[in-house]
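Please follow this walk through a metal site and its surroundings, with the sequence and the coordinates side by side.

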Amino acid sequence: MSYFLGYCLLAILGLLLGSFYNVVGLRVPANKSIIAPRSSCPCCGHMLTSMELIPIFSYLFQKGKCKKCNMPISPLYPIMELLTSLLFTISPVLIGWTAELLVALTFISLFIILFITDLTYMIIPDKVLLFFFCFFIIEHLFIPFVSWSDSLIGAIVGFGLLLSIAYLSKGGMGGGDIKLFALLGFVLGWKLVLLTLFLASLLGATAGGIGLLAGYINRKKPIPFAPFIMTGALAAYFFGDEMIRWYLQISFNI
Ligand SMILES: [Zn+2]
């Protein structure tokens, strides 16, 4: 029963924070305050009332349109709220009700915010990375989710690897990606940051290939890579050790 309550609380927290992360993701890259003013319709400027700010439900009740001008609201908002809630709720199933849950929730929060900034602006903001880096360092002091040496090596490996790729591909990787990988290495350790790069490339290549074939994207237009990086990172965070064990088992029978 107490666990049931815990899951409910995580689901609600996910919806509320997801809604806040939409604001963070849309405002931080534009250098706007995340506290004031209250959100408004980008089309008619109508300031949203409390009833219009309820995650998911406001979108459903208003049938995805602004109450005043009927302009369609981007489905990205409710999708991100729902995704945050869903990921928050399944975290304890995957890692248990331990202190590390806090690290998992932080990681999911970073995932959601970068998803939004990269999809909307093609930017991985320094401010967001720096904030989360500080947050992870503080968590690391209290929760031993990975050893300090592994964290440091992971950060160096992540940074160095992406820097080399950026150099070799002559600008195919942005500075934001390089810094992001240093952060991911710090949180995941060196093995899982390598796995993240592998998974992100696989996801990016698959989605890019499908997009090209279906005519959604063209070769000249760059596609946001952070959603693939963060999906790979999240998969590595939750399932990485099993994936590596499974890979070694089928490859070398160890
Ligand atoms: Zn409007």
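In this predicted model, the site of the zinc ion is tetrahedral, with angles of 105 to 114° among its 4 donor atoms. The protein donors are the SG atoms of Cys-41, Cys-44, Cys-66 and Cys-69, which lie 2.3 to 2.4 Å from the zinc ion. Along the chain, these donors of the zinc ion follow the spacing C-x2-C-x21-C-x2-C. Two of them, Cys-41 and Cys-66, link distant parts of the chain, being 25 residues apart: Cys-41 belongs to the loop between α1 (2-27) and α2 (57-61), whereas Cys-66 belongs to the loop between α2 and α3 (76-95).

How accessible are these two cysteines? Buried means under 20% relative accessible area, and Cys-41, with a relative accessible area of 8%, is therefore buried; Cys-66, at 4% relative accessibility, counts as buried as well.

The surroundings of the site can be followed further from a histidine, His-46, which is found in the loop between α1 and α2. His-46 has a relative accessible area of 16% and so is also buried. Leaving aside residues up to four places away in sequence, His-46 touches Ser-39, Ser-40, Cys-41, Glu-52, Cys-66 and Lys-68, a list that includes the zinc donors Cys-41 and Cys-66. With Glu-52, the contact is also a polar one, made between the side chain of His-46 and the side chain of Glu-52 at 3.1 Å.

For a view across the wider model, one may take His-46 together with Ala-205: these residues are 159 residues apart in sequence, and their C-alpha atoms are 41 Å apart in space.

Note on methods. Residues numbered from 1 in each chain as written. Predicted model: local features only at pLDDT ≥ 70, side-chain atom pairs only at ≥ 80, totals over all residues. Heavy atoms only, no water. Donors = N, O, S within 2.8 Å, 3.2 Å for Na, K, Ca; no water. Tetrahedral: all angles 85-135°; square planar, octahedral: opposite > 155°, others 65-115°. Helix = DSSP H or I, 4+ residues; strand = E, 2+ residues; numbered from the N terminus. Buried < 20%, exposed > 50% of the residue type's maximum accessible area, 1.4 Å probe, protein only. Contact = heavy atoms within 4.5 Å. Polar contact = N/O pair within 3.5 Å; in protein donor to acceptor, adjacent residues only side chain to side chain.
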